[in-house]
Amino acid sequence: TFPLELSLGSGGVGDGITFTGILRDITERKRWEDERERHRQELQEYVDGMSTLSAKIGVDGRILMANAIAQLASGLAMDQLIGADFLAGAWWSFDPAVQQRVRDAFEHAVAGHPTQYEEQLFAFGNVIDISFSLVPVRRPDGAVAYVIAEARDISVLRRTQEALAQRTRQLEETNQELESFS
């Protein structure tokens, strides 16, 4: 057996109706479609395996694609997330200052300039510290086709830095007290 495509047509001849059928072997087309789907699935598995929150954003600000961790962090179903306004989501709108910084950074990326900075994100029901980047991807003609948004949770790093700074202050105070006795 092999895949076929059937095209039917009808027409009138005198008082009768004539039907015409054409069968086409679509084995090659089906093989290409299966291969394309396999590649698409492989790419999605790769993207979903990333530890960073990652999304492909249209220049209009709509989410075109997102990895599994970004979808989970958003709290939305994938079909709700795709097409959503990246700049208006709860992940930024919890703080107007954060939302404005992200809007400015996105405009900068759409203008063709990559951006990376530390930001805050509402994800998994909490505000977390992130290393955030927006990278424009260009078409062959040089125009920006879309923007890749990526966020890495740096909350543990931030807490460690704060604990280190606090311990350093404590040690400096203790050192000053010891110096006052000498």
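User: Which residue lies over the face of Trp32?

Analyst: This is a predicted model, in which local features need pLDDT of at least 70, side-chain atom pairs count only at pLDDT 80 or more, and totals for chains, interfaces and linings use all residues. Residues are numbered from 1 along each chain as its sequence is written, and side-chain values use heavy atoms, with hydrogens and water left out. A charge sits over a ring if NZ of Lys or CZ of Arg is within 6 Å of the ring centre and within 35 degrees of the ring normal. At 5.0 Å from the ring centre of Trp32, the residue over its face is Arg31.

User: At what distance from the ring centre does Lys56 lie over the face of Tyr146?

Analyst: The same topic applies here. Lys56 lies over the face of Tyr146, and its distance from the ring centre is 4.3 Å.

User: How many aromatic pairs are there?

Analyst: Rings of Phe, Tyr and Trp (its six-membered ring) pair if their centres lie within 6.5 Å; planes under 30 degrees apart count as stacked, over 60 as edge-to-face and the rest as tilted. By this rule, the number of aromatic pairs is five.

User: Is the pair of Tyr117 and Phe132 stacked or edge-to-face?

Analyst: The ring centres of Tyr117 and Phe132 are 5.8 Å apart. Their planes stand at 85°, so the pair is edge-to-face.

User: Is Phe132 buried or exposed?

Analyst: Buried means under 20% relative accessible area, exposed over 50%, and partly exposed in between (1.4 Å probe, protein chains only). Phe132 has a relative accessible area of 2%, so this residue is buried.
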